[in-house]
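Dear colleague,

I am handing over the structure we spoke about, and you will find it just below. Please open it alongside this message while you read the notes.

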Amino acid sequence: MTPNELNYSPIKKLCLALVFSIQKLKYYFQAHVVRLVPKANPIKFMMSKPVRNDRLARWYLQFQQFEILYIPQKAVKGQALADFFTDHTIPDDWELTDELPDEDAMVIEVQPPWNIYFDGASQHG
């Protein structure tokens with residue numbers, strides 16, 4: 001980043017990161033639907049505002065060339081769990097038993113506690 005770009009607001013830095021990724025991965029953006037999963041959604045908020053300066057307007061036009069879907073992070077977490085359950089279904093012929101295949105499964109070996117020695121040095125960081 002240039003020294004001027006370091007002074008951008010956090011929202012402009014996020015937009016700039018998306019612009020850089022579009023420039024580097026342009027063919028991937030053209031061939032696929034891009035799903036943008038941000039922690040917050042400042043890019044979508046910023047692009048919905050009616051008044052933009054010239055830089056943001058140029059970036060917005062660059063974003064509009066591609067199919068970018070803004071997906072909230074919470075929806076992705078729930079969908080990942082649902083996808084896992086659909087991919088790992090229990091077969092119909094599966095039988096549940098209370099028997100363990102190994103006799104050593106219930107053996108617990110108690111280890112002696114560890115002793116940790118310090119030399120008095122500490123660091124707050």
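What follows is an account of what was found in it, from the overall fold to single residues.

Please bear in mind that this is a predicted model. The mean pLDDT of the protein is 76, with 77% of its residues reaching 70 or more. Confidence is lowest in helix 4 (residues 42-48), where the mean is 64, and highest in helix 3 (residues 26-31), where it is 84.

The protein has six helices and two strands, and along the sequence these elements are arranged as α-α-α-β-α-α-β-α. Of its 125 residues, 16% count as buried, and the accessible surface comes to about 11500 Å², with 57% of that area belonging to carbon and sulfur atoms. Among the contacts with a separation of 6 or more, 73% are accounted for by residues 24 or more positions apart.

Helix 5 (residues 54-64) is the element I would describe in most detail, and its buried residues are Leu56, Trp59, Gln62 and Phe63. Seen down the axis of helix 5, these buried residues fall within an arc of 120 degrees, so they line one face of the helix. As background, an α-helix has 3.6 residues a turn, so residues three or four places apart point the same way. The face of helix 5 that is turned away from the buried side carries the exposed residues Asp54, Arg58 and Leu61.

Gln65 is found in the loop between helix 5 and strand 2 (68-70), and because its relative accessible area is 55%, where exposed means over 50%, Gln65 counts as exposed. Gln65 and Phe29 are 36 residues apart in sequence, and their C-alpha atoms are 9.1 Å apart in space.

Turning to the surface, Met1, Leu6 and Phe20 together make a nonpolar patch of about 310 Å². Of these residues, Leu6 lies in helix 1 (residues 3-6), and Leu6 counts as partly exposed because its relative accessibility is 49%, which falls between the cut-offs of 20% for buried and 50% for exposed.

With best regards

Note on methods. Residues are numbered from 1 along each chain as its sequence is written. This is a predicted model: local features need pLDDT of at least 70, side-chain atom pairs count only at pLDDT 80 or more; totals for chains, interfaces and linings use all residues. Side-chain values use heavy atoms; hydrogens and water are left out. Helices (H or I, at least four residues) and strands (E, at least two) are DSSP runs, numbered from the N terminus. Buried means under 20% relative accessible area, exposed over 50%, partly exposed in between (1.4 Å probe, protein chains only). Contact means heavy atoms within 4.5 Å. Accessible areas come from the Shrake-Rupley method with a 1.4 Å probe; for residues, only the protein chains shown count as cover. The arc is that of the directions from the helix axis to the C-beta atoms. Patches are made of residues with over 30% relative accessible area and no salt bridge: like charges are joined within 9 Å, nonpolar side chains (Val, Leu, Ile, Met, Phe, Trp, Tyr) within 5 Å. A salt bridge is a side-chain nitrogen of Lys or Arg within 4 Å of a carboxyl oxygen of Asp or Glu. pLDDT is the predictor's confidence in each residue, from 0 to 100.
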